[in-house]
Amino acid sequence: MKKFLDRKGVHITAKAYLIDALSYMALGLFSSLIIGLIIKTAGQQLDWPFLVEMGEMAMGLMGPAIGVAIAYGLGAPPLVIFAAAATGAAGAAFGGPAGSYVAALISTEIGKMVSKETKVDIIVTPFVTIFIGFTVAKFVGAPISKFMTVFGSWIMWATDQRPIVMGIVVATLMGLALTAPISSAAIAMMLDLNGLAAGVATIGCSAQMIGFAVASYRENKIGGLLAIGLGTSMLQVPNIIRYPLILIPPTVAGIILAPFGATIWRMTSNAAGAGMGTSGFVGQIMTFTTMGFSASVLIQVIVLHFIGPAVISLIISEYMRKRGWIKPGQMLINTGGK
């Protein structure tokens, strides 16, 4: 069986299902729901119905996009990838993003097993993939989605009741998830984080990206500043594994800023922005979408998403450098260079 699975490219590991699949799911989300929401928001603000219609169309294709993205990420053959569009759609219909993830994941792996095993592969492979995906979506995806959304509602309720403590917890965990090789965006979508919890999650994620970008400026200069600050702090993962102390400055920045965003300014966002941080300014766009476009909100976003993380992380990292806890070159990334 192991030889058969290896031959089919089926690797039953945590990396394949919790890192690779979730990461590609996030790409599917961004290529449909998130970018669609950005386009729709732009259309509403500009009073341009054409953009609103375009955005709604993209948002409606979330399920197929997730299905295709996961199948592609798991190295599925063409027929399985194309059929995964249907399984992802079924998952979304019955169980939202979590349903799409489960249905696409399981149907893709089964589809890979039957692919090219018969002389009528063009019928068997897509049929099996879709049959398995629809069945999983209907009977498994829906309960899983329900559990995830209920769990997310508990997080949101707890954040409203205990904004300081839960604000710190949510900001820290989501920030660490963003930097780690898993998808904070996918997690936020499956939990359906909204409101205050999504707002502090955005602060935590922004703190990781801006914090690492500024703290590592000595090594990475402007290229690294942009790659990390507007791209992803995941670029620092190889360095974090070797030198875990470099994780302290941006994490502490998120811990310090989260209570301000949970109490004084009461920052809110939605699931699409909660796990994105400053990546492509999605976290900020979604914050404006929920809080409104105004000068006061702009100031809050600038302070809590950019200036605060930059100043706090720089002060802590410089102190750690002087103490020898962070040494020159420990934050150097491959992208950007010197």
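A polar contact is a pair of N or O atoms within 3.5 Å; within protein, one must be able to donate a hydrogen and the other to accept it, and residues adjacent in sequence count only if both atoms are side-chain atoms. The model is predicted: local features need pLDDT of at least 70, side-chain atom pairs count only at pLDDT 80 or more, and totals for chains, interfaces and linings use all residues. Residues are numbered from 1 along each chain as its sequence is written, and side-chain values use heavy atoms, without hydrogens or water.

**View 1. Domain 1 (1–146) and domain 2 (161–323) divide the protein.** These bounds come from an automatic or database domain assignment. The C-alpha centres of the two domains lie 28 Å apart.

**View 2. Domain 1 meets domain 2.** Contact (heavy atoms within 4.5 Å) links 17 residues of domain 1 with 15 residues of domain 2. Between them, about 1300 Å² is buried, and carbon and sulfur atoms give 85% of that. Buried area is the accessible area (1.4 Å probe) that two parts lose on being put together, summed over both. The rule finds zero salt bridges across this interface (side-chain nitrogen of Lys or Arg within 4 Å of a carboxyl oxygen of Asp or Glu). Residue pairs in polar contact, both at pLDDT 80 or more, also number zero.

**View 3. α2 (14–46) and α5 (78–114) each supply at least two residues of the side of domain 1 that touches domain 2.** Helices are DSSP runs (H or I, at least four residues), numbered from the N terminus. The largest share of this side, 14 residues, comes from α2.
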